[in-house]
Structure formats: structure tokens, C-alpha cells
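Visitor: I have a structure open and would like to talk through a few of its local features. Could you take a look with me?

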Amino acid sequence: MPSVSTIAQAEEVRKTSPEQAIPLYQSILAAAGADVSARNDQETALLKLAQCYRDLHRPNELAALIHDSRTLITSIPKAKTAKIIRTLIDYFSEIPNTLPLQIEVCKETIQWTIQEKRIFLKQALETRLIALYLDNKMYSDSLALVGTLLKELKKLDDKMVLVEVQLLESRVCHALRNLPKAKAALTSARTSANAIYCPPLLQAALDMQSGILHAEEKDYKTGFSYFYETLEGYSSLDDPRAISALKYMLLCKVMLNLSDDIQSILNSKVALKYRGVEVEAMKAIASAHNNRSLQEFEQALAAYRDELGNDPIIRNHLASLYDKLLEQNLVRVIEPFSRVEISHIAEIIKLPAQQVEVKLSQMILDKTFHGVLDQGAGCLVVFEETPVDKTYESALDTMKNMANVVESLYEKASKLS
């Protein structure tokens with residue numbers, strides 16, 4: 001069996017030099033052979049060659065391979081074809097800066113599936129394309145494709161793909177800050193998932209999205225429980241997304257002012273294997289929040305810029321946490337004063353005077369405290385909080401009660417007559 005020995009030889013060469021293994025795999029793909037064994041060898045060679053291109057970061061050659069392998073793929077059973085094509089397209093995600101090319105290849109392959117009338121493969125690839133659009137921030141294209149795909153899936157009653165598409169719709173709407181629609185799409189996804197066996201990875205993804213939406217509504221306690229379920233789901237399958245779930249769990253504890261619980265979470269059996277720079281970043285934020293130190297907070301953000309700044313979920317919540325911390329610090333600083341220079345406040349909390357002035361004006365408008373900014377003198381004038389006069393409210397309540405009494409007496413008098 002020459003092709004088998006060639007595959008074994010190519011595998012040996014690939015271990016030391018993927019570059020030299022490429023011609024060997026290409027020769028197997030070019031060899032003619034209609035028997036089952038030869039066809040299996042060609043399938044193996046196709047995937048191994050794609051892995052070589054992935055490892056060597058050659059996206060254009062990988063795109064050409066997907067295009068050129070269509071002749072081979074048409075002779076493979078349809079169920080197997082779908083798995084091979086999705087695997088080949090997924091290899092792009094491990095090559096940096098290939099998102100536009102990946103979208104282009106996905107579109108071309110979808111056109112081919114339409115010509116070949118492979119409906120289920122087309123729907124699987126369109127689902128993948130929606131996820132790619134989402135990663136590339138092409139939200140309008142995502143929603144347009146979601147709309148057409150959902151109509152097709154509801155007709156075919158393909159619940160598994162339907163759950164995936166509804167989950168993607170929820171993520172797109174969340175990215176657009178349309179939270180009501182994101183919640184509605186997630187509810188639909190959960191309803192569809194209840195009617196079928198939901199694989200652990202998909203269930204973990206649903207739990208992750210549920211936790212994110214609850215956190216957006218400041219319901220961090222419920223969000224934490226969903227993130228815990230997500231962590232267990234991803235951890236059991238050694239999925240790298242487990243670290244994100246752990247980070248979100250720690251974030252929820254910080255937002256709930258329960259930073260002391262973080263150490264016990266990190267010492268748990270599930271979390272121990274994910275200790276690293278990502279977790280250290282969240283510990284630094286928790287420490288800064290516990291100490292109510294803006295300086296420590298900013299130092300943590302600067303030191304762990306990639307870990308904290310690249311995740312939009314963490315970035316948004318940390319921005320609101322920073323605002324909250326800044327407000328608490330400013331209220332504490334201005335409390336003893338009736339008139340104080342803005343430059344003095346800025347010096348105490350170690351922030352630029354312009355930033356402090358903007359935040360103080362926002363707090364005055366939000367009625368966090370009563371005062372005015374004297375910009376001419378560069379001062380903040382704080383007023384005593386005047387007690388609310390409740391005479392007017394009490395008079396209205398008395399009149400309301402009197403009206404009820406008069407009405408009751410009138411009803412009784414009318415019954416007597």
C-alpha cells in the first residue's frame with residue numbers, strides 16, 4: 001500500500017519539518033485512486049496538509065487548498081464533507097490577522113454549497129459566517145444573515161443549529177447595546193435548547209451569555225452563578241474559554257463588594273489550574289477596590305492592559321467601577337469643606353484637575369451632593385443639605401383622608417334616606 005507508507009513517511013517528516021512534508025501530502029492528494037483505502041488516505045492528507053499551512057501561518061495556501069479540494073470533497077459522504085470543510089475553515093482562526101480572508105473563503109464555499117444543493121452544509125457555514133461577522137464587528141451583516149437563516153431553520157425544524165443562531169443573535173444585539181432584544185434572543189435559544197439534547201459546549205455558551213446579560217443589568221449575584229456553571233462546563237472539556245468565565249466570576253465578586261471571597265474561589269479545585277496572569281490582573285483590581293485606591297486601580301489597568309483592556313465585557317464594567325470609586329473618593333475628600341480649591345482636591349486624589357472638575361460637575365448634576373463650581377476662582381462651593389419640608393405633603397395626605405371620610409359619610413346618609 002504505497003499511499004499508506006507515504007502518509008506514515010509524511011507524518012515522520014512533519015514532526016521535524018512541516019515545510020518538507022507539504023510536497024509529500026500534495027503527491028498523495030494528486031494520486032489517482034477510486035478504492036476506499038486511497039480515498040481515506042486522501043482525506044487524511046488533506047487535513048494534514050491544512051494543518052501544515054496553519055502551523056506555518058500560510059493563509060493564502062490554505063484558502064487555495066479549500067478551493068482546490070472541492071473535487072475530492074464531492075466524492076466523500078455528505079456528513080463527512082461538512083465536518084472536513086468546517087475543520088478546514090476553523091484552521092484560519094489559529095492564524096493571526098486572517099479574519100477578512102476567512103470571511104471571503106466562507107462566502108465562496110457557501111456559494112459552492114448552493115450550487116451543489118447541500119442545504120445543511122450551507123446552513124452550518126452561514127452560522128460560522130455570522131460568528132466571523134461578529135468578530136469583525138460587521139453587526140448589520142450579521143443581523144441580516146441571522147434573519148434569513150432563522151426563517152430557513154424554523155421551516156426545517158433543525159433545533160441544534162437554531163440554538164446556535166439564536167445565541168449568536170443575542171451576542172450581536174448585546175454588542176450593539178440592544179439589551180432587550182439580546183435577552184429575547186437568548187430566551188428563544190434556551191427554549192429551543194430545552195427541546196433537544198444540548199451538548200456541554202453549547203450549554204456552557206448559553207450560560208456564559210446569560211451571565212453577561214445579568215451582569216449588564218447589575219444583577220451580579222445571578223450572573224456569578226451562571227459564570228460558575230460556565231466554568232464547570234468549559235473546564236470539564238478543557239476549553240480555553242474557561243479562563244474568561246473565571247475572570248467574570250471574580251469581576252462579579254468585585255462588583256458586589258465581596259473581594260474577600262476571591263481567594264476562596266481561586267483555591268477551589270476547578271479554578272486552581274487556571275492560575276496565571278489573567279487571574280493576577282483581576283486580583284490586582286480586587287485589591288485596589290478593597291483599598292478604595294484610585295492610584296492602585298490605574299496602576300493595575302496600566303500593568304495588565306492586554307488582560308483587562310482587550311475584553312469588552314471586563315472593560316465596560318471596570319469603567320463603571322472606576323467611576324463609582326472616583327465618586328466615593330471625591331465625596332470623602334470634600335466632606336469636611338464648605339469651600340475648597342479644585343487643585344487641592346486633585347492633589348489629594350492624585351488626578352488631573354481637569355478630570356476632577358468634569359467629574360464634580362457631573363456629580364452636582366446627578367445630585368450626589370449640593371454645590372456649585374466657581375470656575376473663576378477655581379473652587380468648589382459645597383452647600384449644607386437642606387431638610388425637605390414635608391408640610392405640603394402632609395397637608396395633601398390630610399385633605400385626601402378628609403375627602404375619603406366625607407365620601408363615606410355621604411354614602412351612609414344616602415342609605416338612610
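Guide: What follows is a conversation about a predicted model, taken topic by topic.

Visitor: Let's start with the sheet. How many strands are in it, and in what order?

Guide: The open sheet has 3 strands in the order 1-3-2, and their pairing is antiparallel. Strand 1 (339-341) and strand 2 (371-374) are the edge strands, since each of them pairs on one side only. From one strand to the next, the twist averages 20°.

Visitor: And how many bridges join strand 2 to strand 3?

Guide: There are 4 bridges between strand 2 and strand 3, the latter covering residues 379-382, and the two strands run antiparallel. If you want to follow the register, Gly371 has Val382 as its bridge partner in strand 3, while Leu373 has Leu380 as its partner in strand 3.

Visitor: What about the turn in that hairpin, which residue there takes a positive phi?

Guide: That residue is Gly378, with a phi near 65°, in the hairpin of strand 2 and strand 3, which has 4 residues between the strands.

Visitor: Which helices pack on the sheet?

Guide: Helix 21, residues 342-349, lies across strand 1, strand 2 and strand 3, and it runs at about 70° to strand 1. Helix 22, residues 353-365, also packs on the sheet, where it touches strand 2 and strand 3, and its direction makes about 150° with that of strand 2.

Visitor: Sticking with helix 21, how does helix 20 cross it?

Guide: The axes of helix 20 (residues 312-334) and helix 21 come within 11 Å and cross at roughly 120°, which means that helix 20 is oblique to helix 21. The crossing of helix 20 past helix 21 is right-handed. On the helix 20 side the contact is made by Leu326, Asn329, Leu330, Val333 and Ile334, and on the helix 21 side by Ile345, Ile348 and Ile349.

Visitor: How does that contact split by residue class?

Guide: The contact of helix 20 with helix 21 has 7 nonpolar residues, 1 polar residue and no charged residues.

Visitor: Now another helix pair, 12 and 13. What is their geometry?

Guide: Helix 12 (residues 200-216) and helix 13 (residues 220-236) have axes that come within 8 Å and cross at roughly 160°. Because an angle over 145 degrees counts as roughly antiparallel, helix 12 is described as roughly antiparallel to helix 13. The crossing of helix 12 and helix 13 is left-handed.

Visitor: Which residues meet there?

Guide: Helix 12 contributes residues including Leu201, Ala204, Met208 and Ile212, and they belong to a contact in which helix 13 contributes, among others, Tyr220, Tyr226, Phe227 and Tyr234. By class, the contact of helix 12 with helix 13 has 10 nonpolar, 7 polar and 2 charged residues.

Visitor: You mentioned Tyr234. How far is Lys390 from it?

Guide: From C-alpha to C-alpha, Lys390 and Tyr234 are 57 Å apart in space, and they are 156 residues apart in sequence. Lys390 itself is found in the loop between strand 3 and helix 23 (391-416), and it counts as exposed because its relative accessibility is 57%.

Visitor: Let me switch to backbone oddities. Which residue other than glycine has a positive phi near 65°?

Guide: Arg177 has a phi near that value, and it is a residue other than glycine. Arg177 sits in the loop between helix 10 (159-175) and helix 11 (179-194), and with 45% relative accessibility it counts as partly exposed. Asn97 has a positive phi as well, of about 60°, although it is not a glycine.

Visitor: And is Asn97 buried or exposed?

Guide: Asn97 is exposed, with a relative accessible area of 81%, and it lies in the loop between helix 6 and helix 7. Thr98 lies in that loop too, between helix 6 (78-90) and helix 7 (99-116), but Thr98 counts as buried because its relative accessibility is 5%.

Visitor: What does Thr98 touch?

Guide: If neighbours within four places in sequence are left aside, Thr98 is in contact with Pro59 and Phe92.

Visitor: Last one, Glu126. Where does it lie, and is it buried or exposed?

Guide: Glu126 lies in helix 8, residues 119-135, and it counts as buried because its relative accessibility is 9%. Leaving aside neighbours within four places in sequence, Glu126 is in contact with Ile110, Leu145, Leu149 and Glu152.

Methods:
Residues are numbered from 1 along each chain as its sequence is written. This is a predicted model: local features need pLDDT of at least 70, side-chain atom pairs count only at pLDDT 80 or more; totals for chains, interfaces and linings use all residues. Side-chain values use heavy atoms; hydrogens and water are left out. Two strands pair if DSSP finds at least two bridges between them. Axes are lines fitted to C-alpha atoms, for helices over the stretch in contact, and angles run from 0 to 180 degrees between N-to-C directions. Contact means heavy atoms within 4.5 Å. Buried means under 20% relative accessible area, exposed over 50%, partly exposed in between (1.4 Å probe, protein chains only). Angles under 35 degrees count as roughly parallel, over 145 as roughly antiparallel, 65 to 115 as roughly perpendicular and the rest as oblique. A crossing is left-handed if the near helix is turned anticlockwise from the far one by less than a right angle, and right-handed if clockwise. Ala, Val, Leu, Ile, Met, Phe, Trp, Tyr, Cys and Pro count as nonpolar, Asp, Glu, Lys and Arg as charged, and the others, Gly among them, as polar.
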